[in-house]
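Me: I'm new to looking at structures like this. Can you walk me through how to read one?

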Amino acid sequence: MSSPALVLDAVEKTYNTGLPNEVKVLRGASLQVAPGEVVAMIAPSGAGKSTLLHIAGLLDTCDAGRVEIAGQDMSARTDKTRTLARRDEIGFVYQFHHLLPEFTALENIVLPQLAAGVPQKEAKDRAMDLLGKVGVQARADHRPGALSGGEQQRVAFCRALANGPSLLLADEPTGNLDPGTSDQVFEALMLLAKDTGLAALIATHNYDLAARMDRTIKLEDGVLV
Ligand code: ADP
């Protein structure tokens, strides 16, 4: 059996440790996400959702507990190993698309691949293939400013998947969109995940969308339930 794409084991995180304004955000949060599984994370604002996603995505470290990505314990690894794992295994999508405005949709998906050493032609073919899967192929040569919000976000998904990660972390990826568009974008995301065997942890406030994922967890009082 293949290892989980993501394991969080009793993860703890406190800000301003020892100070009067100490904030204990995570108090032993545990979670496993299997390859191909799409998990919704519901968390009230301030519950520590961003902190948890940053720790899972190796952008921040935890004070105690263990983080495993694709079967590898990342807790005590060097910065270099963590950076490589982040590049090769993890894709991020945020509420705002964060595409580079001066590059086309296609280029935004090609660039991270070139940075990872993929030859130009191969990177371009893969970018086109991903755009096709989410129905934005016809917009490949447009810059983000010329795309609708839903198109921008679908391109952002493609960029997150450009280097074939095993894990996608998303922070309210449809939070900025109207309900109809949000639905379409969500469908595109589910399709990509199921098509690629990607594991995904998706933070959302939307209970309807959460219900359409494989499983829902809640972040409450610093633990996942
Ligand atoms: P969410 O994403 O669920 O809104 P966050 O993970 O951003 O929550 O933050 C959780 C709590 O930790 C909040 O009370 C926030 O003020 C606090 N916090 C977040 N980052 C820091 C930091 N760098 N220093 C101090 N407190 C922080």
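Me: Which helix gives the most to the shell around the ligand?

Reply: Remember that you're looking at a predicted model. To read a shell, take the residues with a heavy atom within 4 Å of the ligand. Here helix H1, residues 49-56, gives the most to that shell, with three residues. The whole list is Tyr-15, Asn-16, Val-25, Pro-44, Ser-45, Gly-46, Ala-47, Gly-48, Lys-49, Ser-50 and Thr-51.

Me: How many of the shell residues are nonpolar, polar and charged?

Reply: They divide into four nonpolar, six polar and one charged.

Me: Where do backbone atoms come up to an oxygen atom of the ligand?

Reply: For polar contacts, look for pairs of N or O atoms within 3.5 Å. A backbone N or O atom of Gly-46 sits 2.7 Å from a ligand oxygen. For Ala-47, a polar backbone atom is 3.2 Å from an oxygen of the ligand, and for Gly-48 the distance from a backbone N or O atom is 2.9 Å. On its own the ligand has 570 Å² of accessible area, and the protein covers 59% of that.

Me: Okay, on to the sheet. What is the order of its strands?

Reply: Read across from neighbour to neighbour: S6-S7-S8-S3-S9-S10, an open sheet of six strands with mixed pairing. Strand S6 (90-93) and strand S10 (223-224) are the edges, each pairing on one side only. S10 runs antiparallel to strand S9 (residues 215-220), and two bridges join them. Leu-219 has Leu-224 in S10 as its bridge partner.

Me: And which strands does helix H2 lie across?

Reply: Helix H2 (residues 79-89) lies across S6 and strand S7 (167-171), and runs at about 70° to S6.

Definitions and conventions. Residues are numbered from 1 along each chain as its sequence is written. This is a predicted model: local features need pLDDT of at least 70, side-chain atom pairs count only at pLDDT 80 or more; totals for chains, interfaces and linings use all residues. Side-chain values use heavy atoms; hydrogens and water are left out. A polar contact is a pair of N or O atoms within 3.5 Å; within protein, one must be able to donate a hydrogen and the other to accept it, and residues adjacent in sequence count only if both atoms are side-chain atoms. Accessible areas come from the Shrake-Rupley method with a 1.4 Å probe; for residues, only the protein chains shown count as cover. Helices (H or I, at least four residues) and strands (E, at least two) are DSSP runs, numbered from the N terminus. Ala, Val, Leu, Ile, Met, Phe, Trp, Tyr, Cys and Pro count as nonpolar, Asp, Glu, Lys and Arg as charged, and the others, Gly among them, as polar. Two strands pair if DSSP finds at least two bridges between them. Contact means heavy atoms within 4.5 Å. Axes are lines fitted to C-alpha atoms, for helices over the stretch in contact, and angles run from 0 to 180 degrees between N-to-C directions.
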